[in-house]
Amino acid sequence: MSRIGRLPITVPSGVDVRIDGRQVTVKGPKGELSHTVAEPIEVALESGTVTVSRPDDVNVNRALHGLTRSLINNMVVGVTDGYKKTLVIQGVGYRVAAKGKNLEFSLGYSHPITVEPPEGITFTVERPTQLVVEGIDKQKVGEVAANIRKLRKPDPYKGKGVRYEGEQIRRKVGKAGK
């Protein structure tokens, strides 16, 4: 058995899990998420716990077993606590400002860059050099944060750019002097 796939998912109070054929819907205080389970995997709800099982030990089914359990667990955590990623901007003149729901970045280009939040994602500017991406869908939060980081990746020579909080950038030495 998969070490991750066999673990039961405990459903906290205030969270409603509905299984309708292949569709799993999780509804909680922060919102509602749904996922379609891949074909051979079975999901069952018994007395406040969700269990995921597979019919046999074929490699594809083994991989889908742990994946499905992780996705459903991420949905339960998302509708109760939510997910957030903090991004830090480093560099002279690099900053971010909130313009309504949108963000406006000054990242050393000749023009400001405007980023609109997709549905279900909120931006919070804590300082002109720090912002937080929040939402209930873990995959969407990570994707939006990665796209913002992609606007100006951290430079390996000076360390300037947009990075995740706590991310270590491998620095390179410049040209050797005489």
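Threonine 86 is a good place to start in this predicted model. This residue is found in strand 7. Leaving out residues up to four places away in sequence, threonine 86 touches Gln130, Leu131, Val132, Arg163, Tyr164 and Glu165. Is threonine 86 buried or exposed? Its relative accessible area is 14%, which is under the 20% limit, so threonine 86 counts as buried.

**The largest nonpolar core**

Strand 7 covers residues 83-90 and supplies at least two residues of the largest nonpolar core. That core has 19 residues, and those with the most contacts inside it are Ile89, Phe105, Phe123, Leu131, Val133 and Ile148. Strand 9 (102-106), strand 10 (113-115), strand 11 (121-127), strand 12 (130-135) and helix 2 (138-150) also each supply at least two residues. Which of these elements gives the most to the core? Helix 2 does, with four residues.

Phenylalanine 105 shows what such a position looks like from the inside. Not counting residues up to four places away in sequence, phenylalanine 105 touches Ile89, Arg95, Val96, Pro112, Ile113, Val115, Leu131, Ile148 and Leu151. Apart from this core lies another one, of 17 residues, and among them are Val15, Ile72, Met75 and Val79.

**Strands around the largest core**

Strands of a sheet pair through backbone hydrogen bonds, either parallel or antiparallel. Strands 8, 9 and 10 form an open sheet in the order 8-9-10, with antiparallel pairing. Strand 8 (95-99) and strand 10 are the edge strands, and each pairs on one side only. On average, neighbouring strands of this sheet are turned by 25° against each other, direction ignored. Three bridges pair strand 9 with strand 10 in the antiparallel sense. Phenylalanine 105 appears again here: its bridge partner in strand 10 is isoleucine 113.

Strand 11 and strand 12 also run antiparallel, joined by six bridges. A hairpin of two residues takes the chain from strand 11 to strand 12. Within this pair, valine 125 stands opposite leucine 131 in strand 12.

**The sheet of strands 2, 3 and 4**

Another open sheet of three strands has the order 2-3-4, and its pairing is antiparallel. Its edge strands are strand 2 (16-20) and strand 4 (31-36), each pairing on one side only. Here neighbouring strands are turned by 15° against each other on average, direction ignored. Strand 2 and strand 3 (residues 23-28) pair in the antiparallel sense over five bridges. In one of these matches, valine 17 has valine 26 of strand 3 as its bridge partner.

Glycine 28 is found in strand 3. With a relative accessible area of 19%, glycine 28 is buried. Leaving aside neighbours within four places in sequence, its contacts are Gly14, Val15 and Val79. You met Val15 and Val79 above, among the residues of the 17-residue core. For a sense of scale, glycine 28 and lysine 138 are 110 residues apart in sequence, while their C-alpha atoms are 15 Å apart in space.

Threonine 36 lies in strand 4. Beyond its neighbours within four places in sequence, threonine 36 is in contact with Arg22 and Gln23. The side chain of threonine 36 makes a polar contact with the side chain of glutamine 23, at 2.8 Å. By contrast, the C-alpha atoms of threonine 36 and phenylalanine 123, which are 87 residues apart along the chain, are separated by 28 Å.

**Salt bridges**

How many salt bridges does a search of the whole structure find? There are six, and the table shows some of them.

| Acidic residue | Basic residue | N to O distance |
|---|---|---|
| Glutamate 32 | Arginine 18 | 3.8 Å |
| Glutamate 39 | Arginine 22 | 3.7 Å |
| Aspartate 57 | Arginine 54 | 2.8 Å |

Glutamate 32 lies in strand 4 and arginine 18 in strand 2, so their salt bridge ties together parts that are 14 residues apart in sequence. Glutamate 32 is partly exposed at 42% relative accessible area, and arginine 18 is partly exposed at 40%.

Glutamate 39 sits in the loop between strand 4 and strand 5 (42-46), and arginine 22 in the loop between strand 2 and strand 3, 17 residues apart. Glutamate 39 is exposed, at 59%, whereas arginine 22 is partly exposed, at 25%.

Arginine 54 is buried, with a relative accessible area of 12%, but its partner aspartate 57 is exposed, at 55%. Finally, salt bridges that share partners join Asp16, Arg18 and Glu32 into one network.

How values were computed
Residues numbered from 1 in each chain as written. Predicted model: local features only at pLDDT ≥ 70, side-chain atom pairs only at ≥ 80, totals over all residues. Heavy atoms only, no water. Pairing = 2+ DSSP bridges. Axes fitted to C-alpha atoms, helices over the stretch in contact; angles between N-to-C directions. Core = buried A, V, L, I, M, F, W, Y, C linked by side-chain atoms within 4.5 Å. Buried < 20%, exposed > 50% of the residue type's maximum accessible area, 1.4 Å probe, protein only. Contact = heavy atoms within 4.5 Å. Polar contact = N/O pair within 3.5 Å; in protein donor to acceptor, adjacent residues only side chain to side chain. Salt bridge = Lys/Arg side-chain N within 4 Å of Asp/Glu carboxyl O.
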